[in-house]
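Thank you all for making time this morning. I would like to walk through one structure slowly, and please have the model open on your screens as I speak.

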Amino acid sequence: MVHPKERGVMTRQGPFLLTAATSAEIYGPFGFGFPNLRAMQVAEKMGLYSEVGKMASLHWKPSAPGYRVRTRARALKQDDVADHKRVNALWEAMAHDLRNDVVGVRDWQYIESRYCRHPHHRYEILLVTERFTGRAIGIAVLRRFIDYCELLDLVLPLAKLSLVIDQVRRVTGVWGLPTLYGWVAKNQAHRFAQCEAEVGELNVSIPTSSWTHDIRADIFKERWWLMSGDTDFR
């Protein structure tokens, strides 16, 4: 797929189609990706993919940097077993809330592997707790850039989304960054719009395998919870 003589060869016998088709035939119509419009159109024409959703962009301005009456935030302690248990409890609550949707596992083992041990990027993992009880209500995974902060991932009960987003916006302001930015599956964007997000369009589809015409492929339509942390390039 990367050899100069093969690169860009999208034929019925090309390496891209053979790899994707064989995977679908063996493992079924399970998987996802983040193709842009051009890549999606090629895969649809070849009969590999069908679209089950789109990604949307999220933008916020920072919120006031001061004290919050209901919540506080701190860095997650990566070597603290108690914090690991907090992440697992938050994931269980999130999984329950999304039991009728499709979401990848976000327990401590995943968070550690995906973010704490990334070989190239440095991520900030924020733990948000109730101020007076100390009870964990969510974690947010952030990445700082020169002129914006990216929200890559969340693990929380959905009822606490607005409180966690408020703390993320506050921290963005404390860091002196003018914008908080993120991705989310468009079918979930309404939850973030209720948290004052400006929702925009992205040239990114959510595909599923259509090669085998397996009826199970339809269960993914407009049901994904995906964020930019679900990619392998951010």
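**Around L152 and outwards**

Let me begin with L152, which, leaving aside its neighbours within four places in sequence, is in contact with R114, Y115, Y123, V141, L142, R143, M227, S228, G229 and R234. Before I go on, I should say that what you are looking at is a predicted model. L152 is found in strand β6, and is it buried or exposed? With a relative accessible area of 0%, L152 is buried, because buried here means under 20%. If you would like a sense of scale, look for D218, which is 66 residues away from L152 along the chain, with 27 Å separating the C-alpha atoms of the two.

Let us now turn to the strands around β6. The strands β5 and β6 run antiparallel and are joined by six bridges, and within this pairing V141 stands opposite D153 in β6. The connection from β5 to β6 is a hairpin, made through four residues. On β5 there is also a pairing with β4, again in the antiparallel sense and over six bridges, where L127 stands opposite I139 in β5. The hairpin of β4 and β5 has five residues between the strands, and there G134 takes a positive phi near 75°. How many of the nine residues of β5 are buried? The count is eight, so that this strand is mostly covered, buried again meaning under 20% relative accessible area.

Next, please find the helix α4, which covers residues 108-116. In this helix W108, I111, R114 and Y115 are buried. Seen down the axis of α4, these buried residues fall within an arc of 140°, so they line one face of the helix. For those who are new to helices, it may help to recall that an α-helix has 3.6 residues a turn, so residues three or four places apart point the same way. On the other side of α4, Q109 and S113 are exposed. What do the buried residues of α4 pack against? They pack against α3, β4, β5 and β6, and you may remember R114 and Y115 from the list of residues that L152 touches.

From α3, which spans residues 81-97, I would like to pick out V87, whose place is in that helix. At 0% relative accessibility, V87 counts as buried. Not counting residues up to four places away in sequence, V87 touches L76, R106, D107, W108, I111, I139 and V155, and two of the names in that list, W108 and I111, are among the buried residues of α4. As with L152, there is a distance to look at: V87 and I215 are 128 residues apart along the chain, and their C-alpha atoms are separated by 35 Å.

Let me move to the second largest pocket, which has a volume of about 270 Å³. It is lined by 18 residues, and the closest to its centre are A75, R122, Y123, E124 and I125. Which elements each supply at least two residues of that lining? They are β2, α4, β4 and α5, so that α4 and β4 come up once more. By kind, the lining divides into eleven nonpolar, three polar and four charged residues.

There is also a set of pairings around β1, the strand of residues 49-60. Nine bridges join β1 to β8, and the two run antiparallel, with S57 standing opposite G200 in β8. A further pairing, antiparallel and over six bridges, is that of β1 with strand β7, residues 180-185, and in β7 the bridge partner of S57 is W183.

Finally, I would ask you to look at two residues in loops. E196 has a positive phi of about 70° although it is not a glycine, and E196 is found in the loop between α6 and β8. At 59% relative accessibility, E196 counts as exposed. E222 likewise has a positive phi, of about 55°, although it is not a glycine, and the place of E222 is in the loop between β8 and β9. With a relative accessible area of 43%, E222 is partly exposed.

Key: Residues numbered from 1 in each chain as written. Predicted model: local features only at pLDDT ≥ 70, side-chain atom pairs only at ≥ 80, totals over all residues. Heavy atoms only, no water. 1 Å grid on protein atoms, 1.4 Å probe; cavity = no way out; pocket = protein on both sides within 12 Å on 5 of 7 lines; lining within 4 Å. Points joined across faces, edges and corners; volume = space filled by probe spheres on them. Nonpolar A, V, L, I, M, F, W, Y, C, P; charged D, E, K, R; others polar. Buried < 20%, exposed > 50% of the residue type's maximum accessible area, 1.4 Å probe, protein only. Arc of directions from axis to C-beta. Contact = heavy atoms within 4.5 Å. Pairing = 2+ DSSP bridges.
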